[in-house]
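Biologist: I keep hearing words like "buried" and "cavity", and I'd love to know what earns them. Can we go through it together?

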Amino acid sequence: MKYPRAVPLAIFLLIAGVTALSVFAIERGDNRRELAQIDQTARTIGSTLERRANNSTAYLRAGAALFSTVDTVQIDLFQRFARELKLDDQYRVSGGIGWAEVLEPNEVGQFESRIGSQLGRPISVYRLPGTEAAEKVVPVTFSLPDSVRTQRALGLDMYAEPVRRTAMNKAVTSLEPTATQKITLVSGRSGPRPGLLVYMPVFSAEQDGRQLKGFLYSPFDGQNFLDGAIYDGLVGDRSVRLYDGAIDQSNLLATHQDSNGIGQSSAIEILIGNRAMMLEVQSAKGSTLTPLSMITLLFGLAVASLSMLIARLLTQQALEDLSALEYYTEQNSIRNSLTRELNHRVKNTLANVLSIIALTRRRTDNLDDFATALDGRIRALSATHDLLTQSEWGSTPLRSVIEAELAPYANPEDRALDLEGPDLALAPNDALSFGLAIHELATNAAKYGALSAEGGRVIVSWERQEGGIAEVRWREEGGPPVPQERSRGFGTDLIEKIVAHELRHPVELEFPEDGVRCTLRVPIRKPSEFAIRAQR
């Protein structure tokens, strides 16, 4: 209840935090499963590529062993070798197999004549644009399967091209099948394609040492090589990329569903012809939440919002209950205060009435005078009580008390009254005592003084003095002369004794011949000194 807005917000944040942690755990688990799956996929594809590449290099090794036993590789031997190894399926993976004879530059003419007669058509040795002749010539001699690309490749001096030449020299040094860097293969019907060549050197055994006869090679079309290792259901909607060496766009050999790769990835290194390549599998799942995470998030937010609403309603109800309790407690306190105040004021009023009755009885000789005097004084108390009732027993204007007590004795049109002073307010008990004093002065003026004669005037003036005192001066003019020898009446005793006692200040009452004068001092109290309840 001290923090009615913070508590519902804290509950919302707590449940939202738990929901966020749940979503994080679900997403983390899903990402781990996805990473494990793409890692397994990458290993499966990589092992398939390596196995097929190893099969191809095994054929090259077998061919090298066979061709090293003959002096010259003829077209019929090459074709029989390919048929006996049943390379039809391997063609779909590697793109075929070829034989390239090593020549000296002066042997090119003889080579063209000899091979042309075996193929049954002319053949010319040529180089790729932008290449230069080297110390050796290694033209494509035979190639299977028979296709547009293999026919265009016949006679191509591969040794003149730097990338191919580097791979052939490494193969001669290592005596192992060796792959080239990424190259552009001789184009077929589908145009130029990125790929690589794997070379296996073939030597002839002679008494004075080995002699390099040529190279068996297999061309690998990058896209066909990758597609041949992917079967239905293996990768799903994931992306697969094959790079020659490091993962870099310039080294990209082939892709599968490349545009789908937007999530986390896994990469492994594979060896093709003793050359390191990178195979990357990337998830098609990006930063979007899984359906389970989305359901958890929506459900958690709904629960958090509902809990916050319920907590807000409960705290609001608690605040209202507390406010009602405080209100009832205050009302009970006010009722008790009113009861005590009423008892106090009733006692004061009865005490005043009893005093008035006692003094009036001592100053009168017959019942009629007693009743008349008592009636007027009780009415004076009643008039002041009416003012206090109108102000709900709060502060009462001093001017209003004077006007109420003088109203029965003077008509405003006669201009017999002259009231002058600032706006001052009196406490309830002080107003009662002050009103009773003004009533006695007014009654005396109406019977014997200024208000009993034509042209008489009563002047009442007041001012605020230091110490919270209002000094009120009563002066009569134009009335009958005041007798200097007179008996002391009840009004004099009432003003000088009862009123002075109640106001706690002495009253100065004078009777000069030209008119009665009276000075009263009335306390001006702060509301907090007499209010029975604080303003809300």
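Modeller: Here is a chat about the terms we use for this predicted model.

Biologist: Let's get the overview first. How many helices and strands does the chain have?
Modeller: There are 13 helices and 17 strands. The chain has 536 residues, and 42% of them count as buried. About 29000 Å² of the chain is exposed, with carbon and sulfur atoms supplying 52% of that area.

Biologist: Why is glutamate 471 called buried?
Modeller: Its relative accessible area is 11%. Buried means under 20%, so glutamate 471 gets the label. You'll find glutamate 471 in strand 15, which covers residues 469–477.

Biologist: What makes the link between glutamate 471 and glutamine 465 a polar contact?
Modeller: The two side chains come to 3.2 Å. The cut-off is an N or O pair within 3.5 Å, where one atom can donate a hydrogen and the other can accept it. The pair of glutamate 471 and glutamine 465 therefore counts as a polar contact.

Biologist: Which other residues is glutamate 471 in contact with?
Modeller: Setting aside neighbours within four places in sequence, the list includes Trp462, Thr519 and Arg521.

Biologist: Now valine 458. How do you know that valine 458 is buried?
Modeller: That one reads 0% relative accessible area. The limit for buried is under 20%, so valine 458 is buried. Valine 458 belongs to strand 14, residues 457–465. Beyond its neighbours within four places in sequence, valine 458 is in contact with residues including Ala416, Leu451 and Trp474.

Biologist: How far apart are valine 458 and arginine 475 in sequence and in space?
Modeller: They are 17 residues apart in sequence and 5.9 Å apart in space, going from C-alpha to C-alpha. Over the chain, take the contacts between residues at least 6 apart in sequence: 66% of them join residues at least 24 apart.

Biologist: Why is glutamate 454 called exposed?
Modeller: Glutamate 454 comes out at 83% relative accessibility. Exposed means over 50%, so the word fits glutamate 454. Look for glutamate 454 in the loop between helix 11 (428–447) and strand 14. Glutamate 454 and glycine 478 are 24 residues apart in sequence, and their C-alpha atoms are 8.1 Å apart.

Biologist: And what makes arginine 238 buried?
Modeller: Arginine 238 has 12% relative accessibility. With the cut-off at under 20%, arginine 238 is therefore buried. This residue is in the loop between helix 7 (222–227) and strand 7 (239–243). The side chain of arginine 238 also makes a polar contact, at 3.1 Å, with the side chain of glutamate 34. Not counting residues up to four places away in sequence, arginine 238 touches Ile38, His256 and Gln257, among others.

Biologist: Gln257 came up there. Why is glutamine 257 called partly exposed?
Modeller: Its relative accessible area is 30%. Partly exposed is what lies between the 20% and 50% limits, so glutamine 257 is partly exposed. Glutamine 257 is in the loop between strand 8 (252–256) and strand 9 (265–272).

Biologist: What makes the phi of glutamine 257 worth a mention?
Modeller: Phi is about 55° there, a positive value, although the residue is not a glycine. Most residues other than glycine have a negative phi. Leucine 175 also has a positive phi, near 60°. Leucine 175 is in the loop between helix 6 (162–174) and strand 3 (178–179).

Biologist: Why is the bond from leucine 144 to proline 145 called cis?
Modeller: Omega is near 0° for that peptide bond, and it is cis. Most peptide bonds are trans. Proline 145 is found in the loop between strand 2 and helix 5.

Biologist: Last one: how many cavities of 30 Å³ or more are found?
Modeller: Two, from a search of the whole structure. The largest has a volume of about 180 Å³. Its lining is made by 14 residues, with Ala153, Val186, Leu197, Tyr217 and Pro219 nearest the centre.

Biologist: What makes up that lining by class, and which helix gives the largest share?
Modeller: The lining of the largest cavity has nine nonpolar, three polar and two charged residues. Helix 5 gives the largest share, three residues.

Definitions and conventions: Residues are numbered from 1 along each chain as its sequence is written. This is a predicted model: local features need pLDDT of at least 70, side-chain atom pairs count only at pLDDT 80 or more; totals for chains, interfaces and linings use all residues. Side-chain values use heavy atoms; hydrogens and water are left out. Helices (H or I, at least four residues) and strands (E, at least two) are DSSP runs, numbered from the N terminus. Buried means under 20% relative accessible area, exposed over 50%, partly exposed in between (1.4 Å probe, protein chains only). Contact means heavy atoms within 4.5 Å. On a 1 Å grid over the protein atoms alone, a cavity is a set of points where a 1.4 Å probe fits but cannot get out, and a pocket is an open set with protein on both sides within 12 Å along at least five of seven lines; lining residues have an atom within 4 Å of a point. Grid points are joined across faces, edges and corners, and a volume is the space filled by probe spheres set on the points. Ala, Val, Leu, Ile, Met, Phe, Trp, Tyr, Cys and Pro count as nonpolar, Asp, Glu, Lys and Arg as charged, and the others, Gly among them, as polar. Accessible areas come from the Shrake-Rupley method with a 1.4 Å probe; for residues, only the protein chains shown count as cover.
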